[in-house]
Every structure is written in structure tokens, then in C-alpha cells.
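Work through these exercises with the coordinates open. Each task is followed by a stepwise solution.

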Amino acid sequence: MKVTKTGAKGSQLPKEGFTQKDSAEHKGYAGVHIPARITETDSINANESENGLLEQIVSRHNLNEAYKRVKANKGSHGIDGMKIDELLGYLKESGATLRQSILDGKYRPNPVRRVEIPKEDGKKRNLGIPTVVDRVVQQAIAQVLTPMYEDQFSDNSFGFRPQRSAKDAIRRSQSNVTQGYKYVVDMDLEKYFDTVNPSKLIEILSRTIKDGRVISLIHKYLKAGVVVQHRFEETEIGVPQGGNLSPLLSNVMLNELDKELERRGHRFVRYADDLLIFCKSRRSAERTLERILPYIEKKLFLKVNREKTVVDDVKRVKFLGFAFYQQQGETRIRIPPKSVAKMRTRIKELTARSNGTGNEERASRLRRYIKGWINYFKIADMKKLLQKTDEWMRRRIRMIYWKQWKRVRTRYAMLQRLGIRAQQAWEYANTRKGYWRISNSPILSKSLRNSILKDHGFLTFSDYYRQVKT
């Protein structure tokens with residue numbers, strides 16, 4: 001293998017806010033756009049093509065579809081500052097140049113802009129944001145390669161794949177448990193995207209992709225580097241999490257693990273880097289973990305988080321925000337307390353009394369969140385949970401209205417308008433009870449009744465759940 005090192009580690013970059021002028025090179029970034037390593041093997045010639053795969057990727061139709069997907073997904077700008085709204089104009093002006101630079105092997109991807117996303121455990125996840133032009137190119141690559149790899153991927157893999165979802169992964173898990181596989185290896189791959197070995201990934205890609213120019217282009221993206229607080233850093237390992245190509249590359253790498261598990265006869269369900277291996281006994285699960293670890297760490301060069309990887313009864317394991325329980329001998333799906341707590345925290349934020357949001361906008365935000373949450377969790381048993389959540393949420397909404405009315409005369413007038421007799425309205429308008437306490441009073445329940453809140457645009461979890469379940 002020949003390895004040529006280029007680039008400048010620690011190179012100081014200009015600040016964000018300038019527009020991408022040239023798709024191949026940018027003035028001021030000359031030392032950054034050269035990949036940190038260019039790897040060539042005897043089996044791949046980056047200058048030759050056996051099947052014209054690169055031509056398919058940069059075809060006008062494919063790039064147009066890629067643009068539409070990138071625009072629909074929106075997202076923030078990369079290091080060049082170009083926004084989604086500026087992308088169409090750039091492609092109209094420079095699309096032909098971009099296409100030719102890719103075909104000539106001269107295109108150099110930009111480094112990604114790194115941002116940190118808070119996680120539930122208080123830690124942070126590194127997210128790499130490519131430029132909008134690089135997102136189009138990555139999307140174009142993914143659109144052509146995805147059908148090629150779909151035939152190779154395991155039927156037990158569900159993440160980032162067409163016509164597959166987390167719901168399907170949970171249903172398959174439920175089926176495994178029902179058939180007696182009640183112990184699981186809950187595998188945690190430590191910082192998966194940050195620890196992928198590029199050389200191993202390129203080797204795996206080369207088994208399927210015979211157009212060396214495509215391999216070279218993907219390799220450039222893997223080695224493009226990152227910008228952290230306006231400073232360039234090389235990327236020796238890892239796949240930038242956040243790029244349009246990253247989910248496919250993730251599945252390509254972990255498909256090796258899928259095939260090995262299938263070869264060994266294991267039942268498993270994988271969603272991206274979340275993996276459950278199902279066994280009929282605790283001892284069997286412990287042996288499975290012990291025997292699969294060397295393959296993951298020594299063959300795929302991935303890291304397993306030993307502290308978070310556990311063997312346990314499936315009833316005590318959470319997977320993709322769901323959990324399982326037994327009822328009358330049947331395996332059923334429930335929502336664990338952690339997922340419920342996360343939902344309630346978000347509802348609190350959306351119904352905060354002092355967030356400056358108008359009632360119409362608040363109702364709109366609540367509707368969007370409720371629909372998204374129900375659509376994700378609707379396969380779980382949750383009727384009672386939703387009823388309690390709705391009661392609590394409506395109480396918070398009534399509290400908001402009560403605070404907005406503020407003055408005694410306003411409260412008095414509003415209560416009368418909502419059907420409360422004058423004497424009762426006057427008594428409640430003059431109350432000194434706190435907002436939260438008064439929100440649960442019979443008077444507010446009678447005046448700001450459920451139908452009134454519904455007329456004001458407030459959707460409840462139970463109402464939408466009934467809509468999607470029918």
C-alpha cells in the first residue's frame with residue numbers, strides 16, 4: 001500500500017461567513033482541501049473505471065435529485081458559510097465545473113464544521129456539518145450506492161434503510177422474545193462514528209465498488225478533516241457524523257458484523273450502531289458476548305464500551321426508547337420511564353409560562369411535537385399514560401391563560417365570558433392562590449374546558465393517538 005501524507009495539521013483557517021466560489025479549490029483553504037492521506041491499492045486504480053459508476057453519480061438527473069433532498073432536509077451551513085438558499089444559484093452557475101472536477105479527480109471536499117450536541121447523560125456528541133455543496137455530492141453518492149448495498153444488507157438491520165424503521169426493529173425484537181429468546185447482549189459500540197477505521201472501511205467498500213474513482217472520492221471525504229473553532233484538524237480515524245453519506249458507510253461497516261452473527265447462527269436486531277443479540281439463557285448470552293468481542297475489536301477495529309455493554313433479561317433492557325414486558329404469557333411493548341421523563345420535560349418547555357410564546361404558536365409547537373412523538377411510539381401500550389399526560393398538560397395550559405389574564409378585572413371578565421356566574425367569577429378573580437394551584441380548580445376546568453382548549457388549537461396525545469390507531 002502506498003501512502004502519501006499531505007496537509008497541515010493545526011493550520012489556522014479564516015473565519016466563517018464567506019461564500020464557496022470554486023467547487024474544487026478555495027483560495028485561503030489550499031492547504032486544507034488536500035486529503036490527509038491518499039491510499040492506493042493494487043486492486044484499485046483511482047484513474048480507471050470499470051462500470052462508469054462515477055458518471056452515474058454526477059449525472060444531471062442524480063445531482064438534481066440530490067439537491068432536492070438536501071434542500072428538503074435544510075440544515076446549517078458548513079465552513080464556507082453558504083446557506084441552503086444560496087445553493088441553487090451556485091449550482092446553476094458552477095454545476096458544470098463541479099461535475100467536471102469530480103470526473104477529473106480534482107474535487108477536494110471541504111473539512112466539516114464540528115459542533116457539539118448535548119446528550120441525555122450530560123456528555124456531548126460531535127456532529128460534523130459539511131458544506132451544502134459537499135452535502136449534495138455526498139447525497140448523490142449515497143443515492144447510487146444504496147441500491148447496490150441493499151441486496152447485501154442483513155434482514156436484521158433496520159437503521160437508515162429504505163422502507164425500514166425503528167418500529168420494524170422493535171417488532172422483530174418482540175417476535176424474538178415471544179419465541180423464547182428472553183436474554184440479550186445489549187451491545188454498546190463506544191463512539192462508533194469517531195472510531196471507524198478508514199482503511200478497513202475502504203477495504204470493505206472495494207469489494208463491491210469497482211470504480212476506483214468513486215473509492216478515491218469517498219476516501220477524500222473520510223480524510224477531509226474538521227474545523228473546530230476556526231482551526232483545522234486532520235481526521236485519522238472515524239466517519240464524520242452528520243454527513244449524508246455517513247449512514248450508508250456506517251451500515252457498510254457494520255454489515256460485516258451482521259454477516260458474522262448470521263454465520264454463527266445468532267438472532268439479533270441492529271439499528272445503526274444499536275445492537276441486541278437474543279439468546280435463550282443468560283449463560284448462552286454471556287458466551288456469545290465473550291466470543292464476539294474479539295471479532296469486533298480485532299477484525300473490525302471497533303471499540304466496545306465494556307461498562308455499557310450488558311447481558312440481561314430483555315425486560316430490563318431499553319432499546320430505541322422502548323422496553324418489553326410480559327402480560328398473560330404475551331410479550332408486549334411499553335414506554336420506559338426514561339422516555340416518558342424526556343417527553344414530559346419537553347412538554348414543560350413548550351408550556352412554560354415565561355417563554356414569550358403566543359398561544360397560537362404554542363399550540364402549533366405542541367401539535368408538531370405530539371404528532372412526532374405519537375408517530376414514533378404508537379406501537380407501544382400507552383392509553384393510561386396518555387390520559388394522565390393530557391390531564392397534566394391541560395392543567396399547564398390553563399395555568400398559562402390564568403397568568404396571562406393577570407389583573408382582577410381581566411380575570412373577572414374572562415371567567416364571565418366563559419360561562420361562570422358573576423359572584424363565582426369575582427371570588428376567583430380575587431384569589432391569592434398560586435398559578436399552579438388555581439389551574440386545577442373546578443372553576444378553570446369548567447370555564448377553560450377541554451373543548452375550549454381544542455377550539456384554540458391545542459391537540460392532546462390521546463386524540464391524536466386515536467386518529468393514528470384507527
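**Exercise 1. Characterise the pair D211 and R213.**

Step 1. D211 and R213 form a salt bridge, with their closest N and O atoms 2.9 Å apart. The term requires a side-chain nitrogen of Lys or Arg within 4 Å of a carboxyl oxygen of Asp or Glu.
Step 2. D211 has a relative accessible area of 0%, so D211 is buried. R213, at 14% relative accessibility, also counts as buried. Buried means under 20% relative accessible area, exposed over 50%, and partly exposed in between (1.4 Å probe, protein chains only).
Step 3. Place the pair in context: the count comes to 24 salt bridges.

This is a predicted model: local features need pLDDT of at least 70, side-chain atom pairs count only at pLDDT 80 or more, and totals for chains, interfaces and linings use all residues. Residues are numbered from 1 along each chain as its sequence is written, and side-chain values use heavy atoms, leaving out hydrogens and water.

**Exercise 2. Assign burial to each partner of the salt bridge between R264 and E260.**

Step 1. The closest N and O atoms of R264 and E260 are 2.8 Å apart.
Step 2. R264 counts as partly exposed because its relative accessibility is 31%.
Step 3. E260 counts as buried, at 10% relative accessibility.

**Exercise 3. Locate the salt bridge between R466 and D463, then find a network.**

Step 1. The closest N and O atoms of R466 and D463 are 2.3 Å apart.
Step 2. R466 is partly exposed at 48% relative accessibility. D463 is partly exposed too, with a relative accessible area of 23%.
Step 3. Both residues lie in helix α19 (residues 461-469), three residues apart, about one turn of the helix. Helices are DSSP runs (H or I, at least four residues), numbered from the N terminus.
Step 4. Now the network: K200, E203, R207, E256 and K259 are joined by salt bridges that share partners.

**Exercise 4. How many residues of helix α7 are buried, and what do they pack against?**

Step 1. Eight of the 11 residues of α7 (residues 198-208) are buried. Among them are L201, I202, I204 and L205.
Step 2. The buried residues pack against α4 (132-150), α8 (212-222), α9 (246-263) and α10 (282-299). Contact means heavy atoms within 4.5 Å.

**Exercise 5. Describe the surroundings of L302.**

Step 1. L302 sits in the loop between α10 and β10 (310-313). Strands are DSSP runs of E, at least two residues.
Step 2. With a relative accessible area of 3%, L302 is buried.
Step 3. Not counting residues up to four places away in sequence, L302 touches Y192, T195, V196, M253, L254, I296 and E297.
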